[in-house]
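Trainee: Please pick one part of this model and take me through it closely. Keep it brisk, and give me the cut-offs as you go.

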Amino acid sequence: ASLQAWMTSYVAAFLLSIALIVWVGQHPGDKTLPDQLLLVAALGFFTRDIGIFVMMQTFGTRRGGDLGALAVLFSLYVLLPSILRGVGLASATPFFYPLPAEPVWLGVVAAWVEAVAVIVVTVGRVALREREPLPA
């Protein structure tokens with residue numbers, strides 16, 4: 001009852017993603033495991049992105065936080081992958097968004113390491129803000 005709207009939406013998206021991963025696994029084929037791992041990576045990047053929005057809210061005003069989060073996501077999804085492709089490192093793009101990777105588990109590990117790192121920083125920022133004394 002005390003959850004914010006983004007929290008309930010995230011839980012719903014997470015549960016639907018898990019159901020989709022299970023559904024894909026029930027359809028036999030030679031690409032079932034790579035497809036499932038790609039979905040798990042997408043869920044990790046989604047978690048990272050939600051964490052970025054929450055973290056950016058701890059840095060400033062509400063509107064500035066959203067714009068800052070959009071700038072960070074633009075650089076993660078567009079700028080950095082473009083730079084890497086330009087210097088011949090296109091194989092590193094699974095570190096920024098869900099793509100089939102070689103080995104197949106690389107995208108999953110990258111996504112969830114980034115998600116955990118953002119969540120740890122975000123929880124730390126929220127905890128620090130709560131300990132700050134109120135202005136007089």
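**The charged network and its surroundings**

Mentor: Start with the pair glutamate 114 and arginine 48: their side chains form a salt bridge, 2.6 Å from N to O. A salt bridge here puts a Lys or Arg side-chain nitrogen within 4 Å of an Asp or Glu carboxyl oxygen. The two partners come from distant parts of the chain, 66 residues apart. Glutamate 114 belongs to helix 4 (residues 106-131), arginine 48 to helix 2 (residues 32-57). Helices are DSSP runs (H or I, at least four residues), numbered from the N terminus.

A word on the basis. The model is predicted, with local features needing pLDDT of at least 70 and side-chain atom pairs pLDDT 80 or more, while totals for chains, interfaces and linings use all residues. Numbering starts from 1 along each chain as its sequence is written, and side-chain values use heavy atoms, without hydrogens or water.

Is the glutamate 114 and arginine 48 pair buried or exposed? Both residues are buried. The scale is relative accessible area with a 1.4 Å probe and protein chains only: buried is under 20%, exposed over 50%, partly exposed in between.

Arginine 48 has another partner. Its side chain also meets that of aspartate 49 in a salt bridge, at 3.0 Å, N to O. Aspartate 49 is buried, like arginine 48. The structure holds 2 salt bridges. Arg48, Asp49 and Glu114 are thus joined in a network of salt bridges. Side chains of opposite charge can pair when their charged atoms come close.

Now stay with helix 4, at alanine 110. Alanine 110 counts as buried because its relative accessibility is 8%. Its C-alpha is 7.9 Å from that of alanine 41, although 69 residues separate the two along the chain. Leaving out neighbours within four places in sequence, alanine 110 has contacts (heavy atoms within 4.5 Å) with Pro94 and Phe95.

Ala41 also turns up in the lining of the second largest pocket. A pocket is an open set of points on a 1 Å grid, with protein on both sides within 12 Å along at least five of seven lines; lining residues have an atom within 4 Å of a point. Other lining residues include Leu37, Leu38, Leu99, Val104 and Val108. Helix 2 and helix 4 are the elements that give two or more residues to this lining. Helix 2 gives the most, with 5 residues.

Leu99 leads to the loop between helix 3 and helix 4, where threonine 93 sits. Threonine 93 is buried, because its relative accessible area is 6%. Beyond its neighbours within four places in sequence, threonine 93 touches Pro81, Arg85 and Leu99. Proline 103 is in the loop between helix 3 and helix 4 too. The peptide bond running from glutamate 102 to proline 103 is cis, with omega near 0 degrees. Most peptide bonds are trans.

Two leucines give a contrast to the buried residues. Leucine 80, in helix 3 (residues 62-86), is partly exposed, because its relative accessible area is 35%. Leucine 128, in helix 4, is exposed, because its value is 53%. From leucine 128 to isoleucine 21 the C-alpha to C-alpha distance is 37 Å, with their places 107 residues apart in sequence.

Back to the start, then. Helix 4 and helix 2 are linked by glutamate 114 and arginine 48, and aspartate 49 joins them in the network.

Definitions and conventions
On a 1 Å grid over the protein atoms alone, a cavity is a set of points where a 1.4 Å probe fits but cannot get out, and a pocket is an open set with protein on both sides within 12 Å along at least five of seven lines; lining residues have an atom within 4 Å of a point.
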